[in-house]
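This note sets out, point by point, what may be read from the model shown below. Please keep the sequence and the structure in view while reading.

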Amino acid sequence: MRIGHGYDVHRLKQGRKCILCGVEIPSELGPDGHSDADVPVHALMDALLGALALGDIGAHFPPSDNKWKDASSIELLKTVYKLVKSNGYSLVNADITIVLESPRLFEHIQKMREKLAETLKTDLNAISVKATTEEKLGFTGDGSGISATAVVLLEPL
Ligand code: MG
């Protein structure tokens, strides 16, 4: 078995779409970035790559390459998971935490889990998505940014 961890941060910007785990969340602010800046999916991809010591998403999808401009992170996740499979592993489970002050994500969590389970062709109970705030502390607390962490466990195919 292999374990992997991922972390990502994006600045929040007025007028950007807020797409988290492939689900569009109604919000005046959205994560800024080169791709759709789906922060939890970026953390999840880094966890998958990290579990197999395959580098990070910056190496696989360099922001300097215009090919990835406005890319759907869900599509990138499919590519990363194909790589995991081609290396002989599959996902046991993933646990993701999103840190965002506002809006509250509670009502969107189930949809996010479903989207990730569908993308990775895995059972819903293998995908955990949690959300928290940081009590108005720091860059997530003052609303200038969003962060996410992900942990995955992989087993040999
Ligand atoms: Mg990112």
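1. Helices and strands are taken as DSSP runs and numbered from the N terminus. By that numbering, Ala 131 is found in strand E6. The model is a predicted one, and every point below should be read with that in mind.

2. The metal site deserves attention at the outset. Which protein residues are donors of the magnesium ion? They are Asp 8, through OD, His 10, through NE2, and His 42, through ND1, and they lie 2.2 to 2.3 Å from the ion. The spacing of these donor residues in the sequence can be written D-x1-H-x31-H. His 10 and His 42 join distant parts of the chain: His 10 belongs to strand E1 (residues 2–14) and His 42 to helix H1 (residues 39–51), and the two are 32 residues apart.

3. Are the two histidine donors buried or exposed? The cut-off required here is that buried means under 20% relative accessible area. His 10 has a relative accessible area of 15%, and therefore counts as buried. His 42 has 7%, so the word buried applies to His 42 as well.

4. The largest pocket has a volume of about 240 Å³. Its lining includes Asp 8, His 10 and His 42, which are also the protein donors of the magnesium ion. Others in the lining are His 34, Ser 35, Asp 46, Ile 57, Gly 58, Phe 61, Pro 63, Trp 68 and Leu 76. At least two lining residues come from each of E1, H1 and helix H2 (57–60). Sorted by class, the lining has five nonpolar, five polar and two charged residues.

5. How many aromatic pairs does the structure hold? There is one. The ring centres of Phe 61 and Trp 68 are 4.8 Å apart and the ring planes stand at 80 degrees, so the pair is edge-to-face. The reasoning rests on a cut-off: planes over 60 degrees apart count as edge-to-face. Phe 61, at 11% relative accessibility, is buried, and Trp 68, at 16%, is buried too. Both residues also appear in the lining of the largest pocket.

6. The cysteines call for a separate remark. The count of disulfides is zero. Cys 18 takes part in no disulfide, and the nearest cysteine sulfur, that of Cys 21, is 10 Å away. Why is Cys 21 not bonded to Cys 18? The 10 Å between their sulfur atoms is too far for a bond, because a disulfide requires sulfur atoms within 2.5 Å. Cys 18 is buried at 3% relative accessibility, and Cys 21 is buried at 0%.

7. Two residues other than glycine should be examined for their backbone angles. Ala 37 has a positive phi, near 60 degrees. Ala 37 is placed in the loop between strand E4 (29–31) and H1, and with a relative accessible area of 0% it is buried. Lys 136 also has a positive phi, of about 65 degrees. Lys 136 is in the loop between strand E6 (127–132) and helix H5 (138–141). At 61% relative accessibility, Lys 136 counts as exposed, since the term is used for values over 50%.

8. One peptide bond should also be inspected. The bond from Ser 102 to Pro 103 is cis, and its omega is near 0 degrees. Where is Pro 103 placed? Pro 103 is in the loop between strand E5 (89–99) and helix H4 (109–119).

9. Finally, two strand residues may serve as reference points for distances. Ala 131, the residue of strand E6 named at the start, counts as partly exposed at 42% relative accessibility. The C-alpha atoms of Ala 131 and Ser 72 are separated by 22 Å, and these residues are 59 residues apart along the chain. Tyr 7 is found in strand E1 and is partly exposed, at 45% relative accessibility. Between the C-alpha atoms of Tyr 7 and Glu 114 the separation is 21 Å, with the two residues 107 residues apart along the chain.

Terms used
Residues are numbered from 1 along each chain as its sequence is written. This is a predicted model: local features need pLDDT of at least 70, side-chain atom pairs count only at pLDDT 80 or more; totals for chains, interfaces and linings use all residues. Side-chain values use heavy atoms; hydrogens and water are left out. Rings of Phe, Tyr and Trp (its six-membered ring) pair if their centres lie within 6.5 Å; planes under 30 degrees apart count as stacked, over 60 as edge-to-face and the rest as tilted. Buried means under 20% relative accessible area, exposed over 50%, partly exposed in between (1.4 Å probe, protein chains only). Donors are N, O and S atoms within 2.8 Å of the metal (3.2 Å for Na, K and Ca); water is not among the atoms, so sites may look incomplete. Helices (H or I, at least four residues) and strands (E, at least two) are DSSP runs, numbered from the N terminus. On a 1 Å grid over the protein atoms alone, a cavity is a set of points where a 1.4 Å probe fits but cannot get out, and a pocket is an open set with protein on both sides within 12 Å along at least five of seven lines; lining residues have an atom within 4 Å of a point. Grid points are joined across faces, edges and corners, and a volume is the space filled by probe spheres set on the points. Ala, Val, Leu, Ile, Met, Phe, Trp, Tyr, Cys and Pro count as nonpolar, Asp, Glu, Lys and Arg as charged, and the others, Gly among them, as polar.
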